[in-house]
Amino acid sequence: MRAEFRVWHDGDRSYLAMFDSDDPKTPIEVPSFPMGSEKINELMPAFIEEIGRSEVIRRKLFQVNFLTTMKGDALISMLYHKPVKTDEWEREAEEMRQRLGVSIIGRSRKQKVVLGNDYVMEEIEVDGRVLTYKQLEGGFTQPNAGISAKMLEWARSAAVSDAVSDAVGEAAAPARRNDDLLELYCGNGNFTIAMAPVFRAVLATEVSKVSVAAARLNADANEAGNVAFARLSSEELTLALDAGKRFSRLDDVPPLESYDLRTVLVDPPRAGMGEEVSEFVSRFDRIVYISCNPETLAADVRTLRDTHEVARFAAFDQFPYTPHLECGALLIAKGR
């Protein structure tokens, strides 16, 4: 799980803070974070105590990010307004790292100092199988591993069945399809790795070079040999599929004509897919849509209403006690 807080300084006292959107200039002290992981809540007061004993670590520190796993591994990233004095900072930060039993990263503009690892290894059980994910500091990861497992199980089920009765919670893996999956916005391979056993092959695309590198590592770690990753935008993929345009970034991918792509999984950013990508995915029989913004999900579904209908829908409370909601929708082609 991950959580980010501002570090607020009031004289000699420092504390973790968040802000109300209606009053963005007034810090609200956050001594604990009950909706976060046990490890984050354990580290929060310990972190404040640590920076209170070191002016070198405290000086110009304005934000802290916690990244933890379900096993209790943790990484703390400290963000600074100005570059840290490397030798002195490293010495005191290393002592802090040893006392807390975590990895530590110090960041400022054009500077990154790593003590320990710049990643954590998460393990998530999905349909009775444990999947391993290398989650990089600074890269996108699902914020709530427990809910992420339920999302992965739902997506696997939705890929093969229109029936709501087959939804989350069954230990048995869904039946394997004899065709292939296209995934857009694959990130570090969170859904890719879980979906791979359900399909003959998976072609996953992402624009971030860092995310694609992490996704390939995760595929290797989970022995997902039927997965290929391409660093392409949706627009570039359209040109490759429809116009035969060649991209050097496809050199390590099997020929596109060898794929039988009938299902697409999309997990777009909060802005949604938009009209162009929605038009592209309308060619597929099945669209498994994971959304972190119900409003843009609704807009994209309206764009697809002439070609597809919603067969299944699920809500996932990734962000307890907030207005944010993660959703899953299965859209199937009309008259298929």
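This passage describes two sheets, the helices that accompany them, and one residue in a predicted model.

A good place to begin is the sheet built from the earlier strands. Seven strands make up this open sheet, and they follow the order 3-2-1-4-5-6-7 with mixed pairing. Its edges are formed by strand 3 (23-29) and strand 7 (111-115); each has a single partner strand, so one side of each is left without a neighbour in the sheet. From one strand to the next, the twist averages 30°. Within this sheet, strand 4 (residues 61-68) and strand 5 (residues 74-80) run antiparallel and are joined by seven bridges. Asn-65 can serve as a landmark here, as it stands opposite Ser-77 in strand 5.

Two helices accompany these strands. Helix 3 packs on the sheet and touches strand 5, strand 6 (103-108) and strand 7, with a direction that makes about 40° with that of strand 7. Helix 1, in turn, lies across strand 1 (2-10), strand 2 (13-20), strand 4 and strand 5, and runs at about 150° to strand 4.

Helix 1 and helix 3 also meet each other. In general, two packed helices are described by the angle between their axes and the distance between the axes. For helix 1 (residues 38-52) and helix 3 (residues 86-100), the angle is about 150° and the axes are 11 Å apart. Angles over 145 degrees count as roughly antiparallel, and helix 1 and helix 3 are therefore roughly antiparallel to each other. Helix 1 passes helix 3 in a right-handed crossing. On the helix 1 side, the contact involves Leu-43, Ala-46, Phe-47 and Glu-50, while helix 3 contributes Met-96, Arg-99 and Leu-100. Five of the residues in this contact are nonpolar, none is polar and two are charged.

The other sheet is likewise open and is formed by seven strands, here in the order 12-11-10-13-14-16-15, and its pairing is mixed. Strand 12 (227-230) and strand 15 (308-316) stand at the edges with a single partner strand each, so one side of each is left without a neighbour in the sheet. The twist in this sheet averages 15° from one strand to the next. Strand 11 (residues 201-205) runs parallel to strand 12, and four bridges join the pair. Val-202 stands opposite Val-227 in strand 12. Helix 9 (residues 294-303) lies across strand 14 (286-291), strand 15 and strand 16 (326-333), running at about 160° to strand 14.

A further helix pair is worth a look. Helix 7 (residues 234-242) and helix 8 (residues 274-281) have axes that come within 10 Å and cross at roughly 35°. Their crossing is left-handed. Ser-234, Glu-235, Leu-237, Thr-238 and Leu-241 of helix 7 meet Glu-276, Val-277 and Phe-280 of helix 8. By residue type, this contact holds four nonpolar, two polar and two charged residues.

Finally, a single residue can be followed in strand 15, where Ala-314 is found. Its relative accessible area is 13%. Buried means under 20%, so Ala-314 is buried. Leaving aside residues up to four places away in sequence, Ala-314 touches Trp-154, Glu-326, Cys-327 and Gly-328. Between Ala-314 and Val-114 there are 39 Å in space, C-alpha to C-alpha, and the two are 200 residues apart in sequence.

How values were computed. Residues are numbered from 1 along each chain as its sequence is written. This is a predicted model: local features need pLDDT of at least 70, side-chain atom pairs count only at pLDDT 80 or more; totals for chains, interfaces and linings use all residues. Side-chain values use heavy atoms; hydrogens and water are left out. Axes are lines fitted to C-alpha atoms, for helices over the stretch in contact, and angles run from 0 to 180 degrees between N-to-C directions. Angles under 35 degrees count as roughly parallel, over 145 as roughly antiparallel, 65 to 115 as roughly perpendicular and the rest as oblique. A crossing is left-handed if the near helix is turned anticlockwise from the far one by less than a right angle, and right-handed if clockwise. Contact means heavy atoms within 4.5 Å. Ala, Val, Leu, Ile, Met, Phe, Trp, Tyr, Cys and Pro count as nonpolar, Asp, Glu, Lys and Arg as charged, and the others, Gly among them, as polar. Two strands pair if DSSP finds at least two bridges between them. Buried means under 20% relative accessible area, exposed over 50%, partly exposed in between (1.4 Å probe, protein chains only).
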